[in-house]
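Me: Could you take a close look at one part of this structure for me? I'd like one connected walk-through rather than a list.

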Amino acid sequence: MIYPIVAYGDSVLRKEAEDYPRDSEDLTSLVENMFETMYKANGVGLAAPQIGKSHRIFVIDSTRMGDDETTGVKRAFINPEILDEYGDEWTFEEGCLSIPDVHGDVLRPEKLTIRYFDELWNEHEEEFDDMTARVIQHEYDHLDGVLFTDYLKGLKKQMLRAKLVNISKGIVKVDYRMRFPVKR
Ligand code: NI
């Protein structure tokens, strides 16, 4: 099942998401649907708030990011906790399925250690680096109501303002299904 992706301006993207309850039965199908929704939109990561669900869940597939398929991972992260971030900070031009047609340079640490559950409730503690770490950091931010545009500053941010208002109204060209918060 493919969900519409929630657009910039929706309050669900600004909420701190709640842990996903352990006794829920539909976790595997939710994860499956999140992957399906992400692939349909050609994304490399998708967080539950982006489909209107304020849960601490995100999925990533960094094997789709080009350079080197062997370093990428396809994975679901349930109730994750980033334990540490380290290494040199580096800049990459990020985008977000909730903010179509907007890109901006974001500085993030190169590596991280994260504890999380997979969709079968197995617990993992793992280190990630490079593009995989970056995608995780971006998606993890979504669980805390943080968007990559929050890191942009000065002129770049000013220039974006009108564009972001337009996105919230649905005035944007996008080739996947979205849900816009503001009625036109
Ligand atoms: Ni995003």
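Me: What should the 14 residues of helix H1 (residues 27-40) span at 1.5 Å a residue, and how far apart are its end C-alpha atoms?

Reply: Quick caveats: this is a predicted model, where local features need pLDDT of at least 70 and side-chain atom pairs count only at pLDDT 80 or more, while totals for chains, interfaces and linings use all residues. Residues are numbered from 1 along each chain as its sequence is written, and side-chain values use heavy atoms, with hydrogens and water left out.

Now H1: the expected span is 20 Å (1.5 Å times one less than the number of residues), and its end C-alpha atoms sit 20 Å apart, so the two agree. Helices here are DSSP runs of H or I, at least four residues, and strands are E runs of at least two, numbered from the N terminus.

Buried (under 20% relative accessible area, 1.4 Å probe, protein chains only) residues of H1 are Leu-27, Leu-30, Val-31, Asn-33, Met-34, Phe-35, Thr-37 and Met-38. Their cover includes strands S1 (5-6), S2 (45-47), S3 (57-61) and S4 (74-94). From the other side of that packing, Val-59 touches (heavy atoms within 4.5 Å) Val-31, Met-34, Phe-35 and Met-38, among others.

Met-34 is also one of the residues with the most contacts inside the largest nonpolar core, which has 35 residues. Such a core is a set of buried Ala, Val, Leu, Ile, Met, Phe, Trp, Tyr and Cys residues joined through side-chain atoms within 4.5 Å. H1 gives this core its largest share, six residues.

Just after H1, Asn-42 takes a positive phi of about 60 degrees.

Technical notes:
Buried means under 20% relative accessible area, exposed over 50%, partly exposed in between (1.4 Å probe, protein chains only). Lists of a residue's contacts leave out its neighbours within four places in sequence.
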